Amino acid sequence: MARRAVLFDLGGVLFGPGLQHFLGSCERDCALPRNFLRKVLFAGGADSPYAKAMRGQITLSQLFSEMEEGCRQHASASGITLPPTFSVTRAFKGMAAEGTVNAPLLRAARVLRRNGFKTCILTNNWVDDSAGRLFTATLMNLLRRHFDLVIESCRLGARKPDPEIYAYALDALQAKPQEVILLDDIGENLKPAQEMGMATVLVRDTETVLKELEELSGVQLLTQEEPLPTACDPSNVTHGYMPIRPGVQLHFVEMGHGPIVCLCHGFPESWLSWRYQIPALADAGFRVIALEMKGYGESTAPPDVKEYSQEQICKDLTVFLDKLGIPQAVLVGHDWGGAVVWNMALFYPERVRAVASLNTPYRPADSSVDIVEKMKTYPAFDYQFYFQEPGVAEAELEKDIGRTLKVLIRSTRREDRLPFALNFHGVRERGGLLVGFPENPPASQILHGPELQYYIQRFEKSGFSGPLNWYRNMRPNWRWALSAKDRKITMPALMVTAGKDVVLHPRMSRGMEEWILQLHREHIEECGHWTQMERPAALNRILVEWLEGLPPDTPLPKISRL
């Protein structure tokens with residue numbers, strides 16, 4: 001029978017070191033005999049403080065009280081003097097301060113999940129009402145984003161190795177024992193699972209565990225290739241709908257808690273283009289808001305072309321922030337979204353804590369030559385002139401939305417290429433952007449399956465007129481930009497270039513330091529235009545490191561106490 005589910009223990013497996021390690025550290029620090037705390041914690045067997053806490057019969061603060069009393073009694077009976085500063089909470093505080101998530105095992109869980117396995121955390125855990133309960137909440141919140149199911153003993157009234165907790169897990173997973181693999185660092189917890197017919201792995205060191213898990217699952221986990229980060233599912237994320245003004249609504253999704261990071265996508269995309277970044281940034285301690293830009297999906301698509309000028313888009317974005325009660329945010333944009341965030345930094349700098357652009361460089365407007373004439377000197381921008389006549393590009397792109405997306409959104413990997421590359425030169429002369437491409441091309445490696453279907457549904461709803469109208473404001477955008485051509489961008493800024501982007505080539509970003517005073521650069525060489533989807537793990541590392549290195553948020557001024 002093929003295996004299709006994996007159960008992971010938490011303490012000592014996904015998160016470590018486990019509690020036993022910190023109990024030992026506390027004993028050494030307090031000059032107590034080895035296993036002094038362990039004896040108190042487990043005294044009484046099924047009625048021990050530990051067992052009661054794991055079954056949810058007492059809370060963590062009650063566990064502390066029982067252990068403090070038990071330690072005093074055990075010390076007195078053993079002729080041991082407890083130090084004046086002794087406290088059992090020290091071990092638990094140490095676990096919160098020094099423990100870490102096992103990143104290789106978490107990556108393995110993601111790979112298994114992507115290969116069709118159900119993944120579940122099966123943990124002995126307590127109800128945490130202690131002063132440090134935010135740590136428990138944060139850890140469990142993070143892990144729930146990456147697993148199909150989290151089962152905590154304290155919520156069931158049963159703990160490992162009680163057989164009923166394994167039966168509960170099988171029922172919740174709708175799996176037979178022979179289909180399940182269990183990982184735990186305590187041999188006693190594996191025995192009931194083995195007797196039921198589960199495959200088990202005793203966790204000691206990560207590399208050995210990965211080898212065993214690879215053999216049992218048949219999924220390659222030790223590859224040098226970087227696994228895809230966890231992606232958010234449109235059906236399992238918070239959606240919001242913000243009325244901006246009569247006839248204009250912006251759809252967005254959000255996740256996480258902390259400093260605000262607002263993500264702005266480009267053409268022809270969706271908030272879902274950030275699906276790999278949203279959980280990663282939330283895990284890193286940020287509140288992530290991914291906008292569906294005006295004209296796309298469930299955001300409204302007004303017919304008036306002027307609605308899509310950069311000036312109006314930025315005005316709408318400030319209203320959006322106002323209505324969410326957000327005075328300032330980090331703005332991150334890609335493609336057209338990159339243009340939006342640079343313009344926000346120029347025209348609404350008070351609203352921008354920091355700004356980051358993927359692929360899209362910043363250049364101040366040039367008053368010496370008309371923008372349309374200047375654009376004509378760039379052959380790679382010919383497609384933008386093809387987009388100008390209302391109805392023409394719409395007819396081509398809307399004829400078969402699936403084909404359109406499969407041609408446009410592809411990675412630069414050799415195995416993902418169509419018979420010939422998308423050429424943005426001479427589009428008008430050819431009579432269309434997609435001319436010559438197969439009628440039914442294969443889905444790309446970076447947009448396929450449910451995600452591709454979601455994109456198709458969004459564009460079936462919104463059409464392409466709104467997205468194309470972004471391109472139909474060349475001169476209004478230029479005139480607006482001219483009014484700020486002598487300004488500098490003063491807040492921290494990040495520019496991420498992609499070596500294989502044939503339209504927004506890295507060389508276009510040369511000299512940005514002249515106008516952006518705090519510019520930090522990052523470059524991903526083996527990456528095309530669709531950076532968030534093509535190299536998500538590399539991009540996530542870049543964004544998280546840059547965000548974590550920003551100056552701390554300034555406390556909000558208490559202007560009014562009404």
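In which strand is Met255 found? I looked this up first and placed Met255 in strand S9, residues 248-255. I note at the outset that the model is a predicted one.

**Entry: Met255**

I checked the accessibility of Met255. Because its relative accessibility is 14%, under the 20% cut-off, I count Met255 as buried. I then listed the contacts of Met255, leaving out residues up to four places away in sequence: Arg145, Cys232, Val237, Ile278, Pro279, Ala282, Phe286, Arg287 and Val288. For a distance across the model, I took Met255 and Thr208, which are 47 residues apart in sequence and lie 35 Å apart from C-alpha to C-alpha.

**Entry: overall figures**

I recorded 24 helices and 15 strands in the protein. The C-alpha atoms fill a box of roughly 90 × 60 × 40 Å along the principal axes. Of the 562 residues, 55% count as buried. I also looked at contacts between residues at least 6 apart in sequence, and found that 74% of them join residues at least 24 apart.

**Entry: nonpolar cores**

Which residues touch the most other members of the largest nonpolar core? I found Ile278, Phe320 and Phe387, in a core of 119 residues. Helix H14, residues 336-347, gives the most to this core, with nine residues. Apart from it I noted another core, of 56 residues, which includes Val40, Leu60, Val88 and Val219. In soluble globular proteins, nonpolar side chains tend to be buried together.

I followed Phe387 further. Setting aside neighbours within four places in sequence, I found Phe387 in contact with Phe267, Ala393, Leu397, Leu433, Leu468, Tyr471 and Arg472.

**Entry: Tyr386**

I located Tyr386 in helix H16, residues 382-386. Is Tyr386 buried or exposed? Its relative accessible area is 8%, so I entered Tyr386 as buried. Beyond four places in sequence, Tyr386 touches Val392, Ala393, Glu396, Val427, Arg428, Gly431, Gly432 and Leu433. With one of these, Glu396, I found a polar contact between the two side chains, at 2.5 Å. I also noted that the C-alpha atoms of Tyr386 and Ile165, 221 residues apart along the chain, are separated by 63 Å.

**Entry: Lys406**

I placed Lys406 in helix H18, residues 401-408. Lys406 is buried yet has no salt bridge. The nearest side chain of opposite charge is that of Asp400, 6.5 Å away; the cut-off for a salt bridge is 4 Å, so I do not count this pair as one.

What does the side chain of Lys406 reach at 3.3 Å? I found the backbone oxygen of Pro441 there. The side chain of Lys406 also makes a polar contact with the side chain of Asn440, at 3.4 Å. Not counting residues up to four places away in sequence, I listed Leu418, Asn440, Pro441, Pro442, Ala443 and Leu452 as touching Lys406.

**Entry: strand S1**

I examined both faces of strand S1, residues 5-8, and found them covered. Ala5 and Leu7 on one side, and Val6 and Phe8 on the other, are all buried. In a regular strand the side chains alternate between the two faces of the sheet.

I then traced the partners of S1. With strand S4, residues 118-123, S1 pairs in the parallel sense over four bridges, and Thr119 in S4 is the bridge partner of Val6. Four bridges also join S1 to strand S6, residues 180-184, and these two strands run parallel. Here I found Leu182 of S6 opposite Leu7.

Definitions and conventions
Residues numbered from 1 in each chain as written. Predicted model: local features only at pLDDT ≥ 70, side-chain atom pairs only at ≥ 80, totals over all residues. Heavy atoms only, no water. Buried < 20%, exposed > 50% of the residue type's maximum accessible area, 1.4 Å probe, protein only. Lys, Arg positive; Asp, Glu negative; His and termini not counted. Polar contact = N/O pair within 3.5 Å; in protein donor to acceptor, adjacent residues only side chain to side chain. Contact = heavy atoms within 4.5 Å. Core = buried A, V, L, I, M, F, W, Y, C linked by side-chain atoms within 4.5 Å. Pairing = 2+ DSSP bridges.
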